[in-house]
Amino acid sequence: MSALLSRARLWQQARKPVEPKPIEISVRQLHWCLFATALAMLPWLFLLPFEIATLGLAILAWHAHQTRERIKPWPTWFKLLVITLLITLIVARYGNVLGRPAGASLLIGMLALKATESRNPRDGRVLVTVNLFLLMAMFLFEDSLLLMLYALAAATVVFVAMEALEQRAGEQSLLFARLGWRQVLLLLVVSIPLAAVLWLLFPRLAAPLWGTPEQVARTGISDRMSPGEVNDLYVDDRPAMRVRFDGATPPRDQLYFRGPTLWFYDGVTWTPWMSSRVLEARTMESRPDIRYSLYMEPTDRRWLFPLERLASVNISAFATVDLQLLSRNPITSSFSYEASAQLSGPFQPEPYLNAQRRMALQLPDDFNPRARALGQQWQQEFGDNRPAIVERALRMFATEGYSYSLSSPPLGRDRMDDFLFSTKIGFCEHYSSAFVTLMRAAGVPARVATGFLGGLFNRSGQYLTVRNSDAHAWAEVLLDDQWQRVDPTAYVAPDRINMDGGAGLLPQGGFWAGLGQRWDALGQVWREFVLQFNAARQARLLERFGIAETTWQHLALALGILGGLFGALATWLLWRQRISYHRDPWLRGWRLLRDKLKRAGITSAISDAPRSLLQAVEQAAPSLAPSVAPLLTRLENGVYAHSASQEGKRFLKDVRALKLRAAKPKA
Amino acid sequence: MSGTATSSTAMSSRAISGGDAPRTPSWMQRQRARLIDHLARRAPQKLPIELTHRTVYILPTGFGMFFSLMVFVCVLGALNYNNNLALMFAFLFAVVGAQSMLLSFRNLLRLRLASIQAGPTFAGRNIEIAYSFESPNELPRASLRARLDGQERRFELTQSYRTVLALDHATSHRGWLRPSALTVGTSWPFGLFYAWTHMRPDQDVLVWPRLEQDPPALPFSPSKKSRRESDSGDDELRGLRPYVPGDAMRRIAWKRSAGREDFMTRVFEAPAEPDLVLRFGELKHLDPETAISRLAAWVELAHPRNLVFSMHLGAQQFGPDAGEAHRRRCLNALAVFQNPQSPRP
């Protein structure tokens, strides 16, 4: 019976609604946390598809509005609904929840939900810690100077929120709110040098520990080319890379930066040759004409876009048989390397020539019958005289009414036929594709090469800016067992290629253009010295200090010495600095004056009256009395007469200006 | 003799509280107790106590561990993706976190406990101990936490760099009480580190005896000549005596006090009042602690009625007298009378 009763009681207890935990976080603390969280979320509006961060910010805003009265928890079913919505959004967008952008999205959503159930300082601390993580993770998506400055400001707010969480719950200590700000700022400023030393000397990983990130949809050159389809690439004015040459910049028609090589055409799309042979390393033994450093924006792809033709490169990368240069991992953040190029002179003999020749003659059988017929006609006309066939095709582009335009009319099923014989309007993709089709039909081995051409010379920074819109496609034909570059677009729109020598590289004038160039140049300094810092530069830095070969022991030693030094400096700065929380200028002046007198050998307590301090000064160091006395009189009058604040500020200014020579107090 | 009596009381109370065999504490509990003992059982310090680097301990908090885990993940991620900016921020967070340890430490260092004051209270009630803190180097100190006897209070030292913090301490026995160590800690500024100290000021507070619940009526003895101090106008003026704190203002003989160092208080006499003598010797039949409790309860009965009474404790005699000072004298004497636990004055 009693067992039954106790069971019934247990059941009742279980049925009783769970009392929510008491609210221990003050509204002020919560608002700081929500503010910091909002700041950490804001950049993600631009880094991720906007709906996720919008959802997070909306939840935060709603919650901040709610807490004006009191903190109301959300019902469980509503939370579950929001989580379901969030996961649906993420899965719909990315197809998973664990990738880099998907993970970030999930973290943002969960953070916003966590914010709504923050009831005690402990929840607030979880919130701010995740905020710091989000601020750091932003740089995995974008690393601009502006974003860094923003992150620095946001991190300050996060630390202020952390400080606010340490304050007594429910108590609005204005005093320490003010102190908190200044203390946190001082702490950050003092910490920066030590963090910089750590950053400079901390050993970098040679290879990533875990999988490299998956691709993010980024505008850029890809290994696919479909002439006749819309490509946003050519209207995107964002910089793709910057190149600094040792010496003069080569003429524009030599500035071919080599990207993917496309071999296979299915009538719609050109794709690369998926053969392991292509990826075999290729020895480079040539005489470089020019050296340069190249700074790439992240592409999430592996092409390194060296200047044609590559002679040497200072990083470990794959150079393929078909002249591509690939990094070992996708380039997910800004990246740089140094290389040299051979602009002229004989090329090396080609490896795997038979295989290459066979592949370079491929054409889809059931597409473009007219183009293929024209090619066969040329083959019969010129026989084995391949240069003549090339010349014939180029003459056709130059003379038979072809024009250059980025907005070309749509093409039908046989795209090359439509382009060559009816629309006759197109850009580099059309011309290179049509040219290679004609060549292959005429029995001349040919392939499409893509990359960048030219760029904009930045005079303030003395480097070349290559934008996405400088993307280009050209052709290569196999003549005398050597691949030779042929750019059919040049015969249609010579401006695109030549632009009158170097002048084409220079931007149009104007104030705003100049300002834009300067900002870009500043960004380049940032990229060269901060973003591109790596193990090689670290070694070079240590070389200057006489360490020829950098091992991790060297780094550890340097880190120990310099870290200790800067750590001691930071500690000393932090230790001696006392943040004064007085807002009243009279009190601040009083404090300062007493500090100055203390340095001059006259100590006093805060509770001393100005008059007794004056007596002490007159006794111990009469020489100081004349300069101190008027100030103390003013202080006495000012404090007890409740004078205007202007006078207090003047007093503080005068105390600041006061110079006391250290007087030896009388023994 | 009385010592044995006390111990027998203790024995009997133990017998009542638990009949089963004493539980042996587990190894963990013992180690924990040892550590706490070791940290807290430093020699008592003379007031004022100023904290030095030897007396301030500091350890990371749970949140500090969580934070460092986050920073570690940040560094690892930044290194893995070879992302310089992320790495720089991860190091910045690490350095800021580490430097906050210094601020936590400094927040306690040179904190001074200037004095302690405690109003006496009866055993079994909480005694309020007022701790006066100062910041001698005029450093503002935020968000300090003081813990005494299981209760925690927050305080800060700002405007005048001094504050008085009143904390309650439980009492169980009469006599001189050595308050348990006061723990002062702080996790300001970020809650990543907790710095703390134990303060054991070399000062005892006095606890009066436990008051007997529902004591018998006051033991007036009608045979003797009785008198009662009174301030009513009808009474006959008996004479003057030196002023003691607690005497009513209107009883001060202002004219007679003029020209003297101290004040004189008029003592009135009301006739035909029974004598009130509280004797410890007459309560021999009770156990000594109960007797002392009863005497204390009688004092507390007599005092509000302003009765003149005297108290005999062994060889000591107090009064006959009345008033606050007399009450305190009696209760103080009762607190330490035959008390083997607190032989201190």
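Okay, let's start in chain B, where strand 18, residues 309-313, pairs with strand 19 in the antiparallel sense, over four bridges. Keep in mind that this is a predicted model. If you want one spot to click on, go to His312(B), which stands opposite Gln317(B) in strand 19 of chain B.

Now zoom out a bit. Those strands belong to an open sheet of four strands in chain B, in the order 13-17-18-19, and the pairing is mixed. So which strands stand at the edges? Strand 13, that's 220-221, and strand 19, 316-321, both in chain B. Each has a single partner strand, so one side of each is left without a neighbour in the sheet.

There's a helix to look at here too. Helix 7 of chain B, residues 324-336, lies across strand 18 and strand 19 of chain B, and runs at about 160° to strand 19 of chain B.

Okay, over to chain A, and a pair of helices. The axes of helix 2, residues 27-41, and helix 7, residues 121-137, both of chain A, come within 9 Å and cross at roughly 20°. That makes helix 2 of chain A roughly parallel to helix 7 of chain A. The crossing of these two chain A helices, 2 and 7, is left-handed.

And what meets what? From helix 2 of chain A you've got Gln29(A), Cys33(A), Ala36(A), Thr37(A) and Ala40(A). They meet Pro121(A), Gly124(A), Leu127(A), Val128(A), Asn131(A), Leu134(A) and Leu135(A) in helix 7 of chain A. By class, that contact between helix 2 and helix 7 of chain A has eight nonpolar residues, four polar ones and no charged ones.

Methods
Residues numbered from 1 in each chain as written. Chains lettered and ligands numbered in written order. Predicted model: local features only at pLDDT ≥ 70, side-chain atom pairs only at ≥ 80, totals over all residues. Pairing = 2+ DSSP bridges. Contact = placed C-beta atoms within 7 Å. Axes fitted to C-alpha atoms, helices over the stretch in contact; angles between N-to-C directions. Parallel < 35°, antiparallel > 145°, perpendicular 65-115°, else oblique. Left-handed = near helix turned anticlockwise from the far one by under 90°. Nonpolar A, V, L, I, M, F, W, Y, C, P; charged D, E, K, R; others polar.
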